[in-house]
Amino acid sequence: MGSSKFAILGEDGSGKTCYLLGMYYAMSMDTANYMVVATDPVTDRFLLRRCQMLKDKSRKGNRFPPGTDCVEKFNFNLWHNDETIHSFEWMDYPGGWLDVRERRNLSGSDDYNSFKDFIMNSEMVFICIDGANLTGSSTSQKIRKVKTRCARQINPYLTELRNKLKKEKQGLPPIGMLVTKYDMCIDDTDADEIREIVEEAFEGLFGGNDTFVAIIPVSLGDTLEDDDWQGELDPINVHLPILMGINFALRKQVKKLSEEHIKDINRMNRELEAVEMIFYKGAWQDKHAIRRMWADLQRSADYKSWRY
Ligand SMILES: Nc1nc2c(ncn2[C@@H]2O[C@H](COP(=O)(O)OP(=O)(O)OP(=O)(O)O)[C@@H](O)[C@H]2O)c(=O)[nH]1
Ligand SMILES: [Mg+2]
């Protein structure tokens, strides 16, 4: 069982590191019998320490992690009732790297190559839309902010990814639009407006192709900003992107596996059809009946897996 890469794309300050911590905080405890656990105990302790800081209201604005200044990769397992369902990798990095000027400076460095590689090989891509861009009452201003601060930097990566996958005769992987810091804009926007903004800012994702796009509002807590950032850490929806990514990865694996098995079964069937006689159901069977026998076998396998 391989590990899946999930990439998160977002400008600096858009909430990537906080999402990772909020997700780990929520999912390292049981969330509907699912748990996410870092594969390495040192990483687990490191993340939990940072989660504790985030939880500590008395630190006020200092409860948040500093801006990320290098690439950090994390390996996780998703458990369900103590059994590993799937492994996944997550990458955190400075959001400034998405900026076109930075990209030019960094291009060719090992860190930037591994960052690009991760994005290009991701099974699901998450895009952060900072909820701070969705405050106020003017839809056109929100669209402009999301276009200039967010989509302008991210769209070139989506185009590159699309071109790479086109050569491999594949479409874009599923996209999860995370409206981060949703607590900041919850009173200023609604589902229809968010949809309009996303469709305007990321028009390349819509319009006729069959890319899966889901919009998921996430937040570290409804009251987080209260009393000068002394609100509760109470993450909302942070488990959904992970479960969605893993659901997709598992479906892909099942499809690949069943395609491989079908090929094997067909090859075997061709050989077995050459068998002249077989004793089945109390009699020697002719070729015609032998074919029926394989159909019976198939039905019995279907019945067993269905019962299981
Ligand atoms: N209100 C609110 N603020 C948040 C939330 N998550 C993050 N923030 C604020 O956003 C700031 C930036 O979040 P980070 O997670 O550090 O952003 P980042 O995308 O990792 O930024 P870089 O590492 O610079 O790329 C935090 O310091 C908090 O002040 C949230 O759910 N609600
Ligand atoms: Mg960060």
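Here are legends for a set of close-up views of this predicted model.

**View 1. The residues gathered around ligand 1.**
Let us start with the ligand. Ligand 1 is surrounded by 22 residues, and those that come nearest are Thr17, Cys18, Phe64, Thr68 and Gly95. Sorted by class, the shell holds 10 polar, 7 nonpolar and 5 charged residues. Two helices, H1 (16–27) and H6 (182–185), each supply at least two residues of this shell. H1 gives the most, with 3 residues.

**View 2. The open sheet of 7 strands.**
Reading across the sheet, you will meet the strands in the order E2-E3-E4-E1-E5-E6-E7, and their pairing is mixed. Strands E2 (34–38) and E7 (213–217) stand at the edges; each has a single partner strand, so one side of each is left without a neighbour in the sheet. From one strand to the next, the twist averages 25 degrees.

**View 3. Strand E1 between its two parallel partners.**
Take strand E1 (residues 3–9) and look to both sides. Strand E5 (residues 124–130) runs parallel to E1 and is joined to it by 4 bridges. E4 also runs parallel to E1, again with 4 bridges. Phe6 is a handy landmark here: this residue stands opposite Met124 in E5, while its bridge partner in E4 is Trp90.

**View 4. The antiparallel pairs made by E2, E3 and E4.**
Now follow the sheet from E4 towards its E2 edge. E3 and E4 pair in the antiparallel sense over 9 bridges. Along this pair, Phe76 stands opposite Phe88 in E4, and His80 has Glu83 in E4 as its bridge partner. The hairpin of E3 and E4 has 2 residues between the strands, and Asn81 in this hairpin takes a positive phi near 45 degrees. E2 and E3 are antiparallel too, pairing over 5 bridges. Here the bridge partner of Val36 is Leu78 in E3.

**View 5. Helix H9 lying across the sheet.**
Helix H9 (residues 239–272) lies across E1, E2, E3 (72–80), E4 (83–92), E5, E6 (175–180) and E7. With respect to E4, helix H9 runs at about 115 degrees. To find the approach to this helix, look for Asn237 in the loop between helix H8 (226–229) and H9. Asn237 is a residue other than glycine with a positive phi, near 65 degrees. The same residue counts as partly exposed, because it has 16 C-beta neighbours inside 10 Å.

**View 6. The kinked helix H5 and its buried residues.**
Helix H5 (residues 139–167) has a kink of about 55 degrees, centred on Ala151. Ala151 is itself one of the buried residues of H5, alongside Lys142, Ile143, Lys145, Val146, Cys150, Gln153, Leu158 and Leu161. What do the buried residues of H5 pack against? Their neighbours are helix H4 (110–120), strand E5 and helix H7 (191–201). Just after H5, Lys169 takes a positive phi of about 60 degrees.

**View 7. Lys181 in the loop between E6 and H6.**
This view moves to the loop between E6 and H6, the place of Lys181. Although Lys181 is not a glycine, its phi is positive, at about 55 degrees. Is Lys181 buried or exposed? Lys181 is buried, because 27 other C-beta atoms lie within 10 Å. The loop leads into H6, one of the helices that supply at least two residues of the shell around ligand 1.

**View 8. Glu199 in helix H7, shown with Pro235.**
Glu199 is found in helix H7. With 14 other C-beta atoms within 10 Å, Glu199 is partly exposed. How far apart are Glu199 and Pro235 in space? The C-alpha to C-alpha separation is 26 Å, for two residues that are 36 residues apart in sequence.

Conventions: Residues are numbered from 1 along each chain as its sequence is written. Chains are lettered from A and ligands numbered from 1 in the order in which they are written. This is a predicted model: local features need pLDDT of at least 70, side-chain atom pairs count only at pLDDT 80 or more; totals for chains, interfaces and linings use all residues. A residue is near a molecule or strand if its C-beta atom, placed from the backbone, lies within 6 Å of it. Ala, Val, Leu, Ile, Met, Phe, Trp, Tyr, Cys and Pro count as nonpolar, Asp, Glu, Lys and Arg as charged, and the others, Gly among them, as polar. Two strands pair if DSSP finds at least two bridges between them. Axes are lines fitted to C-alpha atoms, for helices over the stretch in contact, and angles run from 0 to 180 degrees between N-to-C directions. Two residues are in contact if their C-beta atoms, placed from the backbone, lie within 7 Å. The bend at a residue is the angle between axes fitted to the seven residues ending there and the seven starting there. A residue is buried if 20 or more other C-beta atoms lie within 10 Å of its own, exposed if 12 or fewer, and partly exposed in between; C-beta atoms are placed from the backbone.
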